[in-house]
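Trainee: Could we go through this structure together, one question at a time, with the reasoning given before each result?

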Amino acid sequence: MEVSREIDDKERMEEEEEETKRIQPWNKHITIRGLVASLLIGIMYSVIVMKLNLTTGLVPNLNVSAALLAFVFIRTWTKLLHKAGFVTTPFTRQENTIIQTCAVACYSIAVGGGFGSYLLGLNKKTYEEVGVDTEGNSAGSYKEPGIGWMTGFLFVTSFVGLLALVPLRKIMIIDYKLTYPSGTATAVLINGFHTPKGDKMARKQVVGFAKFFTGSFAWAFFQWFFSGSGKCGFTYFPTFGLKAYANTFYFDFSMTYIGAGMICSHLVNLSLLAGAVLSYGVMWPLIGDRKGHWFPASLSESSMKSLNGYKVFISIALILGDGLYNFLKITFFTARNIYTTSRKNPKTNPDENNQPLDNLQRNEVFLRESIPFWVAATGYVIFSVVSIIIIPFMFPELKWYFVLVAYVIAPCLGFCNAYGAGLTDMNMAYNYGKVALFVLAAMSGKENGVVAGLVGCGLIKSIVSISSDLMHDFKTGHLTLTSPRSMLVSQAIGTAIGCVVAPLTFFLFYKAFDVGNPDGEYKAPYAIIYRNMAILGVEGFSALPHHCLQLCYGFFAFAMMANLVRDTSSTQIGKWIPLPMAMAVPFLVGAYFAIDMCMGSLCVFIWHKLNKQKANLMVPAVASGLICGDGLWILPSSILALAGVSPPICMNFLPTKN
């Protein structure tokens, strides 16, 4: 076994050495067919993640899946051309990397653009749902979604993050040798595809993807016929009985959530289930019984002064507790690691020349075509000035000097986040955004605080998140011998496409479905959470319903302690401690999607027990097929809804009459 592994490693190193010699210039890595594939994958995944954003707000990491789809698209295309008698250029790992980078940059705008959180929190429906009489929710503090201003906002905020950390790429990737686990995993997959053995592996994955993609799409199409108007169809199947269904405990046959559950870890899925049982199984029925004592019986359940207030603010307490703990932890590890590395003085490390040959080859390619500092600095200044001028025109509530300060401190925040992500694979951009939200909401006052806080949150979050994502991509490029210049250009192209595609995708949902309805499928839970965070920043704890503050203190402390116990205890104990951030989602959304994701986790668990090797190979492909097939059906179903075509049958379930 060891001899075989040594032979494989030797073959791989020889392949990489040969490839290093024949690597084409950076501009040859970006091809027309690659851009077309990136556009198609980016659009498909933008639809999928937009659905997840507007239903649960929980989006799994799809980088590996995007790399697989890139391979599927180009290999299928080249084979079809070969059969037709045309000659095509070879499909290299560099082109595969570029397609993955461009596609991920595109759909990342849909993930982090605020369509399910801070931007949607500005709309009139969320403003009214919080309550027009709520202190801090000042009259007129809303802005209806629009394709024009949303696209403009994304363009002026997204490109700054691309240039913030470009000068530090050598320090992060080569000097500090940060791992960026997601970027490394994607590179390992791509490198595996482009070997003789990898080609056989890829064929199996492609076949598996195609089977489950077709089955998932066909199942979604079949379900549509029974989904009439109202709560109809398999989505509302009372799997565990009508009483459990009333408390959101049912299996809704969503292939998207099952696929997401297969990608997410067992701990994430079990944490979701634990949060669902604690909230909808125990707490909300008990608090609901206090109607007339803790809150007026005359209020509707959706009021912030009623049961919905407890759901929202306890979710916020869990999210903030988990975010604060991880922020402090990442800051500590980052500072300690930087100090330790600086003591070692990596630039003069005597072992530098003793690195493995493949590492030296990767470093040589990574440094061969540098990105001049003046290009990054000039671009950052130009984009910042444009943003400082335009954003206050879009949102007069956010003063220009707040935007200026944001762009001055953004590179420092981006470095901290990117360094922490390199160590732990945790992107803490949302936590930086939440800090900005509270600070700006408090500083801007009652009249302007909510809007200023939400927009400022998006501003900081966008810069910090995109700069961290770029470092992940640089790590992938470093391991696949892809030029940093081509990576940066493909990221910029993907970001530009995403700034156009994401608003269009959002409006596809916004016009076709009832987005923001707390009783509907597209609840958009984070929109109301973020708006209430801004109100908390303006008004403090006066916005909370009766006894809610004490419960929030308890859950905030629980989130901190749960993380501390998991990090300090043994693996045997720590693996059973739930993740507070994951627990918070079903507190507001319900239990149904947690059951779906646990079904995905159960499938993976059984598969690993039966055939671990095959499961490791096929789980990403099967999960991607389930997600993409179900997600692709959203496009025709949305078009049918916009055209006024309704499903012909309403399948509903009612109790038997006595």
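The conversation below turns to a surface patch and then to two individual residues.

Mentor: Please keep in mind throughout that this is a predicted model.

Trainee: Which helix gives the most to the positive patch?

Mentor: The patch of positive charge on the surface gathers Lys 200, Lys 204, Lys 211 and Lys 614. Three residues of the patch come from a single helix, which spans residues 196-224 and gives the most to it, namely helix 9.

Trainee: Is Lys 204 buried or exposed?

Mentor: Lys 204 lies in helix 9 and is one of the residues of the positive patch. Because a residue counts as exposed over 50% relative accessible area, and Lys 204 has a value of 54%, Lys 204 is exposed.

Trainee: Is Ser 254 buried or exposed, and which residues does it touch?

Mentor: Ser 254 is found in the loop between helix 10 (242-246) and helix 11 (255-263). Its relative accessible area is 7%, and since buried means under 20%, Ser 254 is buried. When residues up to four places away in sequence are not counted, Ser 254 touches Lys 51, Asp 596 and Asp 630.

Trainee: How far apart in space are Ser 254 and Ser 216, C-alpha to C-alpha?

Mentor: In sequence, Ser 254 and Ser 216 are separated by 38 residues. In space, taken from C-alpha to C-alpha, the distance between Ser 254 and Ser 216 is 9.1 Å.

Trainee: Which residues is His 472 in contact with, leaving aside its neighbours within four places in sequence?

Mentor: His 472 lies in helix 17, which covers residues 429-479, and at 10% relative accessibility His 472 counts as buried. With those sequence neighbours left aside, the contacts of His 472 are Tyr 180, Ser 182, Gly 183, Ala 421 and Asp 425.

Notes. Residues are numbered from 1 along each chain as its sequence is written. This is a predicted model: local features need pLDDT of at least 70, side-chain atom pairs count only at pLDDT 80 or more; totals for chains, interfaces and linings use all residues. Side-chain values use heavy atoms; hydrogens and water are left out. Patches are made of residues with over 30% relative accessible area and no salt bridge: like charges are joined within 9 Å, nonpolar side chains (Val, Leu, Ile, Met, Phe, Trp, Tyr) within 5 Å. Accessible areas come from the Shrake-Rupley method with a 1.4 Å probe; for residues, only the protein chains shown count as cover. A salt bridge is a side-chain nitrogen of Lys or Arg within 4 Å of a carboxyl oxygen of Asp or Glu. Lys and Arg count as positive and Asp and Glu as negative; His and the chain ends are not counted. The place of a charge is taken as NZ of Lys, CZ of Arg, CG of Asp or CD of Glu. Helices (H or I, at least four residues) and strands (E, at least two) are DSSP runs, numbered from the N terminus. Buried means under 20% relative accessible area, exposed over 50%, partly exposed in between (1.4 Å probe, protein chains only). Contact means heavy atoms within 4.5 Å.
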